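Welcome, and thanks for taking a look at this one. Below is a short briefing on how some helices and charged side chains come together.

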Amino acid sequence: MASNSRRIVTIDGPAGAGKTTVSRRAAGALGVAYLDTGAMFRGLALALGEGGHALPEATIDARLAAMAFALAGSGADTVLLVDGAPLPDAARTEQVGGWASNLAVLPVVRRRLRLAQQALGAATDLLAEGRDMGTVVFPRAPHKFFLTASPEVRAGRRMLQLAALGKPADYEAILAAIRRRDAQDQGRAEAPLVAAPDALVIDTSDLTEDAVVARIVAAAAV
């Protein structure tokens, strides 16, 4: 397992818990690469397009087998390369996020991407952010964290993110989407969203970003 020879830190949690920004900053402070595993699902979703989850399993498997993932840089400057190119901005939309969530319930997708993630962990020290990093992908990682927050807080944060980008946002629609994704992530048969038994659970609802980063860095630096 990659975590035996490489320095691996995992951060899991539901959408909107603050994982991405916190993970980037913590990776930088710890001097390791940052692996955004959600971006890997989004990359596949963008490649397959709307309804990609309904394609034959063999088609999805073949597309994944042909995809190459790599990391360039470290910390907040880490770039995930998909087939040699950075993930395009189009993959970061709410629509593609929904497609990615649909794909994430498929065992063939999770198995293929798990192997790709473990290969990245075998090649470099990293902080991996996702839904099942500490439970399935890197179960022997010495430092595991699970970030959470109430659905209402997470919806409010997403509203602010979209507003900062100048994009229209509907709070109730965002909240409903978060609850749907939570139910899907927690209820899927393969690798459901759950904190690893040995993970440090941090509720970020009432914590500043600085406070969350400080807790993670202090614990992972030991």
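Asp61 is partly exposed, because its relative accessible area is 23%, which falls between the 20% limit for buried and the 50% limit for exposed. Please keep in mind that this is a predicted model. The notes below begin with the salt bridge that Asp61 makes with Arg112, and then turn to other charged pairs and a helix contact.

**Asp61 and Arg112**

- The side chains of Asp61 and Arg112 form a salt bridge, at 2.7 Å from N to O.
- Asp61 belongs to helix α4 (residues 57–66) and Arg112 to helix α6 (residues 107–123), so this pair ties together parts that are 51 residues apart in sequence.
- Arg112 has a relative accessibility of 33% and therefore counts as partly exposed.

**Buried salt bridges**

- Another salt bridge joins the side chains of Asp132 and Arg110, at 3.0 Å from N to O.
- Asp132 sits in the loop between β6 (126–130) and α7 (133–137), while Arg110 is in helix α6, and the pair links these distant parts of the chain, 22 residues apart.
- Asp132 and Arg110 are both buried.
- The side chains of Arg131 and Asp185 also meet in a salt bridge, with an N to O distance of 2.9 Å.
- Here the loop between β6 and α7, which holds Arg131, is linked to helix α9, which holds Asp185, across 54 residues.
- Arg131 and Asp185 are both buried.

**The wider set of salt bridges**

- How many salt bridges does the count come to? The total is 11.
- Arg25, Glu209 and Asp210 are joined into one network by salt bridges that share partners.

**Helices α5 and α9**

- Two packed helices are described by the angle between their axes and the distance between the axes.
- For helix α5 (residues 94–104) and helix α9 (residues 171–187), the axes come within 10 Å and cross at roughly 20 degrees.
- Why do α5 and α9 count as roughly parallel? Their crossing angle is roughly 20 degrees, and angles under 35 degrees are classed as roughly parallel.
- The crossing of α5 past α9 is left-handed.
- On the α5 side, Gly97, Gly98, Ser101 and Asn102 take part in the contact, and on the α9 side they meet Arg181, Gln184 and Asp185.
- By residue type, this contact of α5 with α9 has no nonpolar, 5 polar and 2 charged residues.
- Asp185 in α9 thus appears twice in this briefing: in the contact with α5, and in the salt bridge with Arg131.

Conventions: Residues are numbered from 1 along each chain as its sequence is written. This is a predicted model: local features need pLDDT of at least 70, side-chain atom pairs count only at pLDDT 80 or more; totals for chains, interfaces and linings use all residues. Side-chain values use heavy atoms; hydrogens and water are left out. Axes are lines fitted to C-alpha atoms, for helices over the stretch in contact, and angles run from 0 to 180 degrees between N-to-C directions. Helices (H or I, at least four residues) and strands (E, at least two) are DSSP runs, numbered from the N terminus. A crossing is left-handed if the near helix is turned anticlockwise from the far one by less than a right angle, and right-handed if clockwise. Contact means heavy atoms within 4.5 Å. Ala, Val, Leu, Ile, Met, Phe, Trp, Tyr, Cys and Pro count as nonpolar, Asp, Glu, Lys and Arg as charged, and the others, Gly among them, as polar. A salt bridge is a side-chain nitrogen of Lys or Arg within 4 Å of a carboxyl oxygen of Asp or Glu. Buried means under 20% relative accessible area, exposed over 50%, partly exposed in between (1.4 Å probe, protein chains only).
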